[in-house]
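I opened this entry to keep track of what I looked up, in the order I looked it up.

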Amino acid sequence: MPELPEVETIARGLAARITGDVIESVWLGTKPEPLKSSASEIVSTLESSRIAGVRRVGKHIVIDLQKDGVARAPAQRPKGGAKGSVPSNFSQWIVHLGMTGRMLVCKPDDPVEKHTHAIATLTSGRELRFVDPRRFGRLSIGHGFHAPGSEPLEVELQLFVSLFRGRKTPIKSALLNQKLLSGVGNIYADESLFRARIRPRRQAASLTKEELRRLYLSVQEVLKEAIALGGSSISDYVDSNGEEGFFQLQHRVYGREGEPCLICRTTIKRIVIAGRSSHYCPKCQR
Ligand SMILES: [Zn+2]
């Protein structure tokens, strides 16, 4: 399952390749699951749109689209609310990769892989293909899309602290709660808690300000390191034959049950919190 750093890496890779290109035509497969918006809305929005940019929002890839020369009069925009400020010739193609989804930039004569659910033909002659064997990925159209929680790499310390204040759930569960922080997955939650020296089962409300400050810095550090590593494998992932995945951040606790802690040699423990595996060092983490 691609986590935040992988999605960031993929979005950057796509941005470098397809920004400025124009979607000429769209083909959609017959499987209904990948389409969160209707097929007709996806086709009509994408066709003749220029790709203004590609970025990550939470664990989503957002492709910003602009229909050149079809700006409508301001009177036709919906009144009131945040959406009213979005010009109507701007829209977004939102891609969630699910478990196995990939966005491939292909040449037209590259063989179309099995489980290809969408092909956008670009004026540059290339094709942007969405491939997803397990079909947990989703394609949709949005306007002013934003993730439900705060962006972990942009949130300020004060807001971060306030997200967890008074929460009676384990801090691990709170980190995974997408309504609080968007995009922190299981691996990075465990790694962040290790670096912040906090046990995953601690009640969020019991954390001191200092512990929350350490956690804030750890989450950012872990995600930034993983993004930096991911940058070197962009081409493997978004090329048409790229199945090699990412260079992994060397995990300090995740998946290391029974192995010695890299700092104190104590055996790493694994417990289950809300159905998810959690790994920690009983000596370093309190
Ligand atoms: Zn330790």
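My notes below cover a metal site, two backbone angles and a surface patch. The model is predicted, and I read it as such.

**Metal site**

I started with the zinc ion and asked which atoms coordinate it. I found the SG atoms of C261, C264, C281 and C284, at 2.2 to 2.4 Å. Next I checked the geometry. The angles subtended by the four donor atoms run from 101 to 112 degrees, so I entered the arrangement as tetrahedral. For reference, I noted that the ideal angle for four tetrahedral donors is 109.5 degrees.

Along the chain, the donors follow the spacing C-x2-C-x16-C-x2-C. I then placed one pair within that pattern: C264 sits in the loop between α7 (234-238) and β9 (269-273), and C281 in the segment after β10 (276-280). The two are 17 residues apart, and the pair links distant parts of the chain.

I also wanted to know which of these cysteines are buried or exposed. C261 has a relative accessible area of 0%, so I listed it as buried. C281 is likewise at 0% and buried. C264 reaches 21% and therefore counts as partly exposed; the buried class requires a value under 20%.

With cysteines in view, I looked up how many disulfides the structure holds. The count is zero.

**Positive phi**

I turned to the backbone, bearing in mind that most residues other than glycine have a negative phi. I wrote down two arginines that have a positive one.

R135 has a phi near 60 degrees. I located R135 in the loop between β7 (127-131) and β8 (138-142). Its relative accessibility is 22%, so R135 goes down as partly exposed.

R265 has a phi of about 70 degrees, again positive in a residue that is not a glycine. R265 lies in the loop between α7 and β9, the loop that also holds the zinc donor C264. At 58% relative accessibility, R265 counts as exposed.

**Surface patch**

Last, I asked which residues form a nonpolar patch on the surface. I found M1, M99 and F136, which together have about 320 Å² of accessible area. I followed up on one of them. M1 belongs to the segment before α1 (4-18). With a relative accessible area of 60%, M1 is exposed, because the exposed class begins over 50%.

I closed the entry there.

Terms used:
Residues numbered from 1 in each chain as written. Predicted model: local features only at pLDDT ≥ 70, side-chain atom pairs only at ≥ 80, totals over all residues. Heavy atoms only, no water. Patch = residues over 30% accessible without salt bridge, like charges linked within 9 Å, V, L, I, M, F, W, Y side chains within 5 Å. Areas by Shrake-Rupley, 256 points an atom, 1.4 Å probe, with all protein chains shown as cover. Salt bridge = Lys/Arg side-chain N within 4 Å of Asp/Glu carboxyl O. Helix = DSSP H or I, 4+ residues; strand = E, 2+ residues; numbered from the N terminus. Buried < 20%, exposed > 50% of the residue type's maximum accessible area, 1.4 Å probe, protein only. Disulfide = S-S within 2.5 Å. Donors = N, O, S within 2.8 Å, 3.2 Å for Na, K, Ca; no water. Tetrahedral: all angles 85-135°; square planar, octahedral: opposite > 155°, others 65-115°.
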